[in-house]
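Student: I would like a close look at one part of this protein, namely its charged side chains and the pairs they form. Please take it slowly and place each residue in its surroundings.

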Amino acid sequence: MAMYDEIVPVPTENIHKSKRQGCAYVYYIKGREYSPVRKCNIYDKVMIGRLIDDETMHPNDNYYEIFGRPEDRLEEADPNQSDSQKIGGVAVVYALLESLGLREKLELVFGEKTANLIIDLAVYFCLSGSTVMQYYPTWAYEHPILSESAVSDSTISRFLKHHVSDEDIYSFFKQWNADRDTQETLYVNGDSTNMNTEAVGVELAEMGYAKDDKTKPQVNFALASTQKDNMPLFYDLYSGSYNDMSEFHYMIRMASEFGYKNLGFILDRGYFTKEILDQIDAEKYQVIIMLKDNNLCVKEMIQEHGAELKESFTEYIPEHNAYGMTKRAKLFKSSRNTYSVHLYYSDQKAEIERNHLVTILQKYQKELDHGIEMGNLKVEEAKRYARYFDIELSKKDNETVVGYSQNKKNIKLAYAECGFFAIATSEDLSAEEALKIYRDRDAVEKLFESMKSGMDCSKFRVYSDESLKTKAFLVFVATILRSQIYQGLKRVRGTDKKNFTVPAALHELEKVIAIRQTDGDFVRTRKLTAIQKKILSGFDITDKDLTKLVKEI
């Protein structure tokens, strides 16, 4: 008897299962009669289908004769929930909510109902790759959510404006960071990015130090995250007219308020100022910072040790394909403290920088030639060429550039400095240790990339400061989840980076689907693929965990 492709639940009563020729079949027991001859029950049974797993089966005609056709058992459709639910990505996020204690901490601050909506929206941001609220109801229709039903985009708009205060956010930060103090130095990545907005009602948005679109007002988003596991700790929104260095002072104060005593910061060269380093020292924090190329200490080290470093195999760091050495020195003449200054040389970096230098020199020469030919190149405009070219001015006005020659000394020096870079640390780390810690900080760049590309946050799309602050908080919660998805995938991906990026893995998990059956319950339609099992294993999620989630839909 032919089997149908429909998947139905295995009946719970009067069922017998039997294996035959490698397949498991389900029989329905219509009745039984005791045989005095055989001294046992004789069953009147009929096969009703082939078993898929313990809970589902493919039916045949006998099944439909006994239990009826699907069209006879149809229930009224649920307007709030699709009969097909995508459960793979949600299962991962719910496992993270549990392991991180994130849901509990949100409920302590916001209460259960508001916390559920915050989580639902953050999960939507994280899994869908979008922060556009008008798409949320459609997404929630096809995915399990914690709220009783999916709210409309107009309800979300009111929620953004009225339900999350600055005090609530600060209280959550205290809860979130309460258990993270440590006796060892906790190195934190400190960095920021900017999001554009043209909304008139967003007063935080101002023209400023844009990293992306310099023509539009922006709001800056500064994020602190751990170096070890890339865990977001807290953030701050500040006006686009403030630069990163001004904001950093406030981030240090926040870290202190949240109980971080043995704290260190990993900073890029944009934060390299005497003022910032003095404040970090005053707070007794540690620091690992990339030094600017024009720092006098760096230049002196290159002149004194550069040639030796290039040839010193004993200073080679194989993991990073670079040579490194360390000496204790002051970063500024007027500094009170000394730092471990680690000087590095990379052949690969040198080749790239030398090619770039040649390109720049050729470009500058063309621009100089053109300006001189046109007769309109003035000394003020020519200052940008002064490092590599000596400028000749007109004797008539002493303003117009009429000629130039290469400054061979500076060009030779710039060429010789290619491939070098330096990192300073307040602790006595080796050159290898310092480089490893610093290069691991690219995780915070991945977080910003995830926020702006993976969650479409390059623009906030809100029209008031209140909505902006709430949406930024939702993005922060989503970033916690997405960063830990990255960490879970890193555990299992091995050399297969193609299938284990966050977007690729989430796309694969969207294929894990549960279907509403004729009795109203949901069941999974297919067994997990090998790659789905491997992805889920990164979060210790098993088939039983998925079955439990399906039963709770």
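How many salt bridges does a search of the whole structure find, and which parts of the chain does the pair of D83 and R516 tie together?

Tutor: What you see is a predicted model, in which local features need pLDDT of at least 70 and side-chain atom pairs count only at pLDDT 80 or more, while totals for chains, interfaces and linings use all residues. Residues are numbered from 1 along each chain as its sequence is written, and side-chain values use heavy atoms, with hydrogens and water left out.

The search of the whole structure finds 17 salt bridges, each being a side-chain nitrogen of Lys or Arg within 4 Å of a carboxyl oxygen of Asp or Glu. In one of them the side chains of D83 and R516 meet with an N to O distance of 2.5 Å. Because D83 lies in the loop between α1 (61-67) and β6 (84-86) while R516 belongs to strand β18 (residues 513-516), this pair ties together parts that are 433 residues apart in sequence. The helices (H or I, at least four residues) and strands (E, at least two) are DSSP runs numbered from the N terminus. D83 has a relative accessible area of 37% and is therefore partly exposed, given that buried means under 20%, exposed over 50% and partly exposed in between (1.4 Å probe, protein chains only).

A second pair joins D540 to R491, with the closest N and O atoms 3.5 Å apart. Since D540 sits in the loop between α17 and α18 and R491 in helix α15 (residues 465-492), the two tie together parts that are 49 residues apart in sequence. Both D540 and R491 are exposed, and for D540 this follows because its relative accessibility is 56%. The loop that holds D540 runs between α17 (530-537) and α18 (543-552). The backbone of D540 also deserves attention, for its phi is positive, about 55°, although the residue is not a glycine. Most residues other than glycine have a negative phi. N321 offers another such case, with a phi near 50°; N321 is found in the loop between β12 (316-317) and β13 and, at 40% relative accessibility, counts as partly exposed.

In a third pair, the side chains of R524 and D543 meet in a salt bridge of 2.9 Å, N to O. This pair links distant parts of the chain, with R524 in strand β19 (residues 522-524) and D543 in helix α18, 19 residues apart. The partners can be described by their cover: R524 counts as buried because its relative accessibility is 16%, whereas D543, at 37%, counts as partly exposed. Elsewhere, K363, E367 and R384 are linked in a network of salt bridges.

Other charged residues gather at the surface, where E300, E304, E308 and E315 form a negative patch. Asp and Glu count as negative and Lys and Arg as positive, with His and the chain ends not counted; patch residues have over 30% relative accessible area and no salt bridge, and like charges are joined within 9 Å, the place of a Glu charge being taken as CD. One member, E308, has its place in helix α10 (residues 296-311) and counts as exposed because its relative accessibility is 52%.

K274 takes part in contacts (heavy atoms within 4.5 Å) with the loop between β13 and β14. F332 in that loop touches F272, T273, K274, L277 and N295, not counting residues up to four places away in sequence. The C-alpha atoms of F332 and K274, 58 residues apart along the chain, are separated by 7.3 Å. At 22% relative accessibility F332 counts as partly exposed. S335, found in the loop between β13 (322-329) and β14 (339-345), touches K274 and K330 on that basis of leaving out residues up to four places away; with a relative accessible area of 9%, S335 is buried.

For the wider setting, the protein chain has 18 helices and 19 strands, and of its 553 residues 48% count as buried. Among its contacts between residues at least 6 apart in sequence, 63% join residues at least 24 apart. Its accessible surface, from the Shrake-Rupley method with a 1.4 Å probe, comes to about 28800 Å², of which 47% belongs to carbon and sulfur atoms.

Methods: Patch = residues over 30% accessible without salt bridge, like charges linked within 9 Å, V, L, I, M, F, W, Y side chains within 5 Å.
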